[in-house]
Amino acid sequence: MNLTHPFHDADGDTLREECGVFGAINATDASAATALGLHALQHRGQEAVGITSFDGTEFYSRRGLGHVADNFSGQDAIAELPGTMAAGHVRYSTTGGAGLRNVQPLYADLAGGGFAVAHNGNISNAGTLREDLVRRGSIFQSTSDTEVIIHLVATSRYPTITDRLVDALRLLEGAYALIVMTPVGMIACRDPLGIRPLVMGRIGDATVFASESVAFDVMGAELVREVEPGELIKVDFDGNVDSLHPFGTHSPRPCIFEHVYFSRPDSIFAGRSVYEARKAIGAQLAVESPCEADLVVPVPDSGVPAAIGYAQQSGLPFELGIIRSHYVGRTFIQPSDGARHAGVKRKHNANRALVAGKRIVLIDDSIVRGTTSLSIVEMMRDAGATEVHFRVASPPTAHSCFYGVDTPERSKLLAARMDLEPMRQFIKADSLAFVSIDGLYRAVGDKPRNAACPQFCDACFTGDYPTSLTDLAKRDDAQGQLSLPVGKVA
């Protein structure tokens, strides 16, 4: 099941969220707490969900396709997962594809006992590592890049599980936020650049970890702090918490799209309220790209905070010119453009009495392929809007992500194929503008982008990838071409 952006259609015209992870140790009802936390992280992945628990002797796992509520709403499901330690995962398929065999947490019996891992991110050299492991005799049970981590730990010759995990992580490139369970406790860790998010909290005697702070709010847990880039936090069953930094010091590069779209607005990311950051992005967009218009209209729901900021900065009225139905399921794959457009209108409808005869500023978080933006503009015109001006609360998405976000290949990204004016013509807007990269940085961190050492991972906007991309380079070499550069359409 793939429920992502409200306007997601058969063309995949959106950036799909990465996965979400949650873990609890020394909790009376660890699996129940984990299910509750995963429910708050449901927006990060709706294809499948899994929980693994440990009762001091045995590991137990339950996995299923669909939403958390589809699989863990009853007491019977929770009763199958006893113990004071549990970890869970909501996912969509980045590497490996769909199917129960790829649903996390992944579990294996290693020489030192059981080992379970929940992973948010993407290992950009997983294919290369996997080929080497298979040559050395490893037998894989899934097609997930996460299983590579398990085999690297299993084949490491270091004596302790912590040292073996560090040994494995040193071989990885890309992005990862991991929650690991072993017979002696839980380990939470984040890649050296901190590309993917991970936070730590407490509730009573329990220590909890999650992809976002909002997962703590639903259970009354206190947000303690972020897991630092490159940090490993070990928690044992006596409640001892140890912090390790085995990878040296690196300049952090957290994913800036967490501020733009991925995180829930009520989360805290990189020390800042996501809601406030999105309002600030909208205000910055109004400063950079003002517009003579009558109304500011968000594309619900992801465009709402930025539209509020744009309206407050510009002095234009904020209005709900598009009404979203919250009772419509997934947009089924439709074979024709007309049917797809009808699918969009089943979820969203123009507030005709409000927009008719008005000049509209539409605010959305991003433009990917552009087909959704075209449908929205046409919807406004059909409702009688006299002018439709499109403003985007992120820079043009011109590059693919290889760190755990499912983006189309670069040749299918509108901003990779077209400059601004052809993009405007494609979506049929009266004007089109994106927030600048420096403006985005100011909005989320108060400082412009440091080109020599960017404060965030912004590769989807700039093409400045902070790590090597070994598997991509090997694929391009095999094809005899380099896929990253794409020419512009005049």
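The following exchange covers a sheet, a helix and one arginine.

Author: This is a predicted model, where local features need pLDDT of at least 70, side-chain atom pairs count only at pLDDT 80 or more, and totals for chains, interfaces and linings use all residues. Residues are numbered from 1 along each chain as its sequence is written, and side-chain values use heavy atoms, with hydrogens and water left out.

Reader: What makes strand E8 mostly covered?

Author: Buried means under 20% relative accessible area, with exposed over 50% and partly exposed in between (1.4 Å probe, protein chains only). In E8, residues 185-190, 6 of 6 residues are buried. Strands here are DSSP runs of E, at least two residues, and helices are runs of H or I, at least four, both numbered from the N terminus.

Reader: How do you know that E7 and E8 pair?

Author: Two strands pair if DSSP finds at least two bridges between them. E7 (residues 174-182) and E8 have 6 bridges, in the antiparallel sense, so they count as a pair. One bridge sets Ala177 against Arg190 in E8. A hairpin of 2 residues joins E7 to E8.

Reader: What makes E12 a partner of E8?

Author: E12 (residues 232-236) shares 5 bridges with E8, so the pairing rule is met. The two strands run antiparallel. Gly185 has Asp236 in E12 as its bridge partner.

Reader: Why are E5 and E13 called edge strands?

Author: The open sheet has 6 strands in the order E5-E6-E7-E8-E12-E13, with antiparallel pairing. E5 (106-110) and E13 (241-244) each pair on one side only. Neighbouring strands are turned by 20° against each other on average, direction ignored. Axes are lines fitted to C-alpha atoms, for helices over the stretch in contact, and angles run from 0 to 180 degrees between N-to-C directions.

Reader: What makes helix H5 mostly covered?

Author: In H5 (residues 146-155), 8 of 10 residues are buried. Among them are Glu147, Ile150 and His151. Their cover includes E5, E6, H4, H6 and E7, judged by contact, meaning heavy atoms within 4.5 Å.

Reader: How do you know that Arg391 has no salt bridge?

Author: A salt bridge needs a side-chain nitrogen of Lys or Arg within 4 Å of a carboxyl oxygen of Asp or Glu. For the buried Arg391, the nearest side chain of opposite charge is Glu387, 8.9 Å away. Lys and Arg count as positive, Asp and Glu as negative; His and the chain ends are not counted. Arg391 lies in strand E20 (residues 387-392). Its contacts include Tyr310, Asp364 and Ser431.

Note on methods:
Lists of a residue's contacts leave out its neighbours within four places in sequence.
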